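Here is a friendly walk through one protein chain, written for someone who likes to check each item against the coordinates. Keep the viewer open as you read.

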Amino acid sequence: MSSQIEIKVPDLGGASEVDVIEVMVASGDRIAKDDSLITLESDKASMDIPAPQEGVVTQVKLKEGDKASQGDVILLLEALPSAEATKQSQQQTTKTETTSADANQTTEQTIVVPDIGGATDVDVIEVMVTPGDQITKDDSLITLESDKASMDVPSPYSGTMKSVVLKVGAKVSQGDAIAVIEITDAAANQAAPIQPPETVSSETATKSSTPAATPSSPTQQQTASSNEIYAGPAVRRMAREFDLDLTQIIGTGPKGRIQTQDVQHFVKQRMQAGRGVGLSVPTPPVVDFSQFGEVTSQPLTKIKRLTGENVHRNWLTIPHVTQFDQADITELEAFRQANKHHAEQQGFKLTPLAFIMKVVVKALQTFPQFNASLDPSGQQLIYKKYFHLGVAVETPNGLVVPVIRDVDGKGVLALAQELASISQKAREKRLMPNEMTGSCMSISSLGGIGGTAFTPIINGTDVAILGISRASTQPVWQHDQFIPRLMLPLSLSYDHRVIDGAEAARFTQYLADCLGDIRHLVL
């Protein structure tokens with residue numbers, strides 16, 4: 001007997017409703033253990049889900065654009081011995097021949113709703129055929145829309161439509177009748193199983209003679225008719241409740257689909273525009289850049305888009321001030337160079353960032369108001385007795401901030417090794433959401449790229465963030481002469497509701513003192 005198992009979404013660290021942005025396998029694929037199955041994307045990171053064992057994929061349950069949570073079934077996996085696989089194939093061939101013979105003898109067939117991933121009461125938003133229409137196999141019959149995706153249902157046969165059972169507005173589930181077709185070419189209809197419908201593409205979104213709106217063309221999007229809008233029932237219901245015109249909302253989902261957060265963002269913009277003061281931001285003009293020359297458009301990744309929304313919110317709601325300072329790391333760099341071979345022997349690099357993390361924790365212990373967060377009311381300060389540091393990591397999909405926990409209890413070499421490991425994990429899209437939460441403070445290091453100073457934006461739950469720029473050799477006046485010293489620029493952004501300027505200056509000066517003489521770490 002064959003063994004078939006369900007491969008499920010693993011623990012995502014408490015995250016729910018993450019997006020499926022890529023499906024890397026299909027039915028019939030033979031996969032090995034640890035092969036990537038799907039890519040999930042939360043508002044913080046992308047992550048590949050690996051196969052826990054080898055086998056043959058029999059059915060893929062998720063598709064691009066779906067929302068997934070822990071425990072959702074990704075696919076069914078079957079491992080068949082060679083003899084049994086041959087027998088199974090022969091049985092399938094016999095079944096196919098029988099089906100084909102039956103098709104040759106049948107002139108009418110009822111087309112039903114195929115497997116739609118277990119969804120029920122899905123809305124019919126478009127019926128594309130009428131009685132008497134001549135259609136060919138794979139022509140679209142109807143468009144279904146759930147709260148996660150739009151999908152076209154194709155015809156499994158060629159022939160003439162005798163009757164159409166469904167109409168726009170109906171709710172359907174798997175197995176419900178769609179239409180009755182009179183087959184005109186039995187040979188062309190041999191063994192035509194109904195496949196699960198695919199998410200509708202921008203080319204099939206509308207049967208209008210005018211071009212459909214695209215996410216990269218706001219002007220077209222705003223002038224589109226309501227029949228050309230990609231939005232699920234939940235979004236359309238929300239739009240009706242707020243009396244909104246969906247043609248005025250630019251979708252940021254797959255293929256320009258309007259999502260709940262797009263409606264919320266649109267409403268917030270309208271509310272801010274009505275205030276006139278405070279956080280009111282004028283609406284930027286819509287410019288057709290193509291009038292000036294050739295252009296191309298590319299949508300932002302979800303990580304970049306949501307990061308933009310988060311930093312914009314934090315910049316507007318947190319009164320930022322940035323304190324700039326320099327640390328003399330001449331001796332620190334000499335010590336690092338003398339000991340870096342210990343790390344290299346273990347397969348990782350001993351970077352300055354590992355030392356900086358230890359110094360930051362020492363400063364947090366000395367200045368506890370920096371290791372705190374404002375409560376939601378803004379009336380109380382929550383002091384933390386743990387020391388977790390976020391470290392910004394650049395990835396192909398955008399910036400992510402994994403969190404190194406319990407930095408106070410780890411040595412410099414252990415931190416360097418963990419930094420190397422988690423940075424690689426971030427670039428390979430294997431970070432889980434729980435690995436990017438719980439920071440006390442974050443560090444954004446641009447020293448490997450360049451620059452002399454910058455203003456990092458605070459994580460919404462913290463009260464400060466430290467920016468590191470490239471160290472440079474500068475002349476420093478010591479003992480009646482200028483001598484060359486390696487100086488490291490520090491940029492500390494802090495929440496002025498919690499930290500005042502004097503406290504910030506003392507904090508950066510303490511950082512500079514400890515980085516200038518790392519013996520402070522053992523005091």
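Helices here are DSSP runs of H or I with at least four residues, numbered from the N terminus. By that rule, leucine 415 belongs to helix 8. Please keep in mind that the model is a predicted one.

## The chain as a whole

The chain holds nine helices and 28 strands. It has 523 residues, and 40% of them count as buried. Its accessible surface is about 27700 Å², with 51% of that belonging to carbon and sulfur atoms. Take the contacts between residues at least 6 apart in sequence: 63% of them join residues at least 24 apart.

## An open sheet

One sheet to look for is an open one, built from four strands in the order 5-4-2-7 with antiparallel pairing. Strand 5 (46-50) and strand 7 (67-68) stand at its edges; each has a single partner strand, so one side of each has no neighbour in the sheet. Further in, strand 2 (residues 18-23) pairs with strand 4 (residues 36-41) in the antiparallel sense, over four bridges. One place to see this pairing is valine 20, whose bridge partner in strand 4 is leucine 40. As background, strands of a sheet pair through backbone hydrogen bonds, either parallel or antiparallel.

## Salt bridges

Side chains of opposite charge can pair when their charged atoms come close. With a cut-off of 4 Å between a side-chain nitrogen of Lys or Arg and a carboxyl oxygen of Asp or Glu, the count for this model comes to 15 salt bridges. Three of the pairs are set out here.

| Basic residue | Acidic residue | N to O distance |
|---|---|---|
| Lysine 162 | Glutamate 108 | 2.8 Å |
| Lysine 425 | Glutamate 435 | 2.9 Å |
| Arginine 519 | Aspartate 517 | 2.9 Å |

What does the salt bridge between lysine 162 and glutamate 108 tie together? Lysine 162 sits in strand 14 (residues 159-164) and glutamate 108 in strand 9 (residues 108-112), so the pair joins parts that are 54 residues apart in sequence. Lysine 162 counts as partly exposed because its relative accessibility is 43%. Glutamate 108 also counts as partly exposed, at 36% relative accessibility.

The salt bridge between lysine 425 and glutamate 435 involves helix 8 (residues 412-427), where lysine 425 lies, and the loop between helix 8 and strand 25 (441-445), where glutamate 435 lies; the two residues are 10 residues apart. Lysine 425 has 21% relative accessibility and therefore counts as partly exposed.

In the pair formed by arginine 519 and aspartate 517, arginine 519 counts as exposed, at 61% relative accessibility. Aspartate 517 is partly exposed, with a relative accessible area of 24%. Elsewhere, salt bridges link Asp328, Glu331 and Arg485 in a network.

## Two buried residues

Is leucine 415 buried or exposed? With 0% relative accessibility, leucine 415 counts as buried, because buried means under 20% relative accessible area. Leaving out residues up to four places away in sequence, leucine 415 touches Ala354, Met357, Lys358, Ile404, Val407 and Lys410. Its C-alpha atom is separated by 8.9 Å from that of leucine 350, although the two are 65 residues apart along the chain.

Serine 491 lies in strand 28 (residues 481-495) and likewise counts as buried, at 0% relative accessibility. A polar atom of the serine 491 side chain lies 3.2 Å from the backbone oxygen of phenylalanine 454. Beyond four places in sequence, the residues touching serine 491 include Thr322, Phe324, Pro456 and Ile465.

## Loops and surface

Aspartate 406 is found in the loop between strand 24 (403-404) and helix 8. A relative accessible area of 42% makes aspartate 406 partly exposed. Apart from neighbours within four places in sequence, aspartate 406 is in contact with Phe387 and His388. From aspartate 406 to leucine 389 the C-alpha distance is 8.2 Å, with their positions 17 residues apart in sequence.

Which residues make the nonpolar surface patch of about 420 Å²? The patch is formed by Val287, Phe289, Phe292 and Val295. Phenylalanine 289 lies in the loop between helix 4 (260-275) and helix 5 (302-317), and at 53% relative accessibility phenylalanine 289 counts as exposed.

Methods
Residues numbered from 1 in each chain as written. Predicted model: local features only at pLDDT ≥ 70, side-chain atom pairs only at ≥ 80, totals over all residues. Heavy atoms only, no water. Patch = residues over 30% accessible without salt bridge, like charges linked within 9 Å, V, L, I, M, F, W, Y side chains within 5 Å. Areas by Shrake-Rupley, 256 points an atom, 1.4 Å probe, with all protein chains shown as cover. Buried < 20%, exposed > 50% of the residue type's maximum accessible area, 1.4 Å probe, protein only. Pairing = 2+ DSSP bridges. Contact = heavy atoms within 4.5 Å. Polar contact = N/O pair within 3.5 Å; in protein donor to acceptor, adjacent residues only side chain to side chain.
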